[in-house]
Amino acid sequence: MTINPERQRDYARKALAGIRLVNGGLGLLAPAVLARQVAADAKTNPAALYAFRMFGVRTILIAVDLLMPDGPVRAHAVRAAPVIHATDAFSVALAGIRGELPPRVAVKLGLISGVNTALAIIAQPARSTPSGELRA
């Protein structure tokens, strides 16, 4: 059984929005939980909580845009998603290589960013050829 490409893109968009809502909600409402996941000590580095709250707000707003009815807002969010998540993946890879993150944390965050990047790419709309036919 194969999944219709349009349905597959829709599932990827919704899955990406769900991941963003969970991570954004944690960042906004429970930043200490995320800080512990990246081995940041909120007691010695309270700025980490502030950064996670900012991350949370941004992430929730982007997720909401992905869940909007079909239209220009959602289309923009879908088009921007690969750049956002590929940049996140690059940033975590660079932080891991430079030793700015513990290796286990870098791998975990890299996997999350990689999954998000893949979902963002899968969610991209079909492109039309010069003759007007759609390609998956």
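**Pockets and helix packing**

Visitor: Which residues line the second largest pocket?

Guide: In this predicted model, the second largest pocket is lined by Glu6, Arg9, Asp10, Arg13, Asp70, Arg74, Ala75, Val78, Arg79, Ala123 and Pro125.

Visitor: How does that lining divide into nonpolar, polar and charged?

Guide: Seven residues of the lining of the second largest pocket are charged and four are nonpolar, with no polar ones.

Visitor: And which elements give two or more residues to the lining of the second largest pocket?

Guide: Those elements are α1 and α4, and the space in the second largest pocket comes to about 230 Å³.

Visitor: OK, what about the largest pocket, how much space lies there?

Guide: The largest pocket holds about 730 Å³ of space, and of the 26 residues that line it, Val38, Phe52, Phe55, Leu109 and Ser113 are the closest to its centre.

Visitor: Which element gives the largest share of that lining?

Guide: That is α3, which supplies seven residues, while the elements that give two or more residues to the lining of the largest pocket are α1 (5-29), α2 (31-37), α3, α4 and α5 (103-122).

Visitor: What classes make up the lining of the largest pocket?

Guide: The lining of the largest pocket has 15 nonpolar residues, alongside seven polar and four charged ones.

Visitor: Switching to packing, at what angle do α3 and α4 pack?

Guide: Helix α3 (residues 47-66) and helix α4 (residues 72-97) pack at an angle of about 140°, and their axes are 8 Å apart; α3 and α4 are therefore oblique to each other, and their crossing is left-handed.

Visitor: Which residues make the contact?

Guide: From α3 the contact takes Arg58, Ile62, Asp65 and Leu66, and from α4 it takes Val73, Arg74, Ala77, Val78, Ile84 and Asp88; by class, the residues of the contact of α3 with α4 are six nonpolar and four charged, with no polar ones. Arg74 and Val78 of α4, which belong to this contact, are also among the residues that line the second largest pocket.

Visitor: How are α4 and α5 oriented to each other, and why?

Guide: The axes of α4 and α5 are 8 Å apart and the packing angle is about 160°, and because angles over 145 degrees count as roughly antiparallel, α4 and α5 are roughly antiparallel to each other. The crossing in which α4 passes α5 is left-handed.

Visitor: What does α5 bring to that contact?

Guide: The residues from α5 are Ala106, Leu109, Gly110, Ser113, Asn116, Thr117, Ala120 and Ile121, and the contact of α4 with α5 has nine nonpolar, six polar and one charged residues. Two residues of α5 in this contact, Leu109 and Ser113, are also among those closest to the centre of the largest pocket.

Notes: Residues are numbered from 1 along each chain as its sequence is written. This is a predicted model: local features need pLDDT of at least 70, side-chain atom pairs count only at pLDDT 80 or more; totals for chains, interfaces and linings use all residues. Side-chain values use heavy atoms; hydrogens and water are left out. Axes are lines fitted to C-alpha atoms, for helices over the stretch in contact, and angles run from 0 to 180 degrees between N-to-C directions. Helices (H or I, at least four residues) and strands (E, at least two) are DSSP runs, numbered from the N terminus. Angles under 35 degrees count as roughly parallel, over 145 as roughly antiparallel, 65 to 115 as roughly perpendicular and the rest as oblique. A crossing is left-handed if the near helix is turned anticlockwise from the far one by less than a right angle, and right-handed if clockwise. Contact means heavy atoms within 4.5 Å. Ala, Val, Leu, Ile, Met, Phe, Trp, Tyr, Cys and Pro count as nonpolar, Asp, Glu, Lys and Arg as charged, and the others, Gly among them, as polar. On a 1 Å grid over the protein atoms alone, a cavity is a set of points where a 1.4 Å probe fits but cannot get out, and a pocket is an open set with protein on both sides within 12 Å along at least five of seven lines; lining residues have an atom within 4 Å of a point. Grid points are joined across faces, edges and corners, and a volume is the space filled by probe spheres set on the points.
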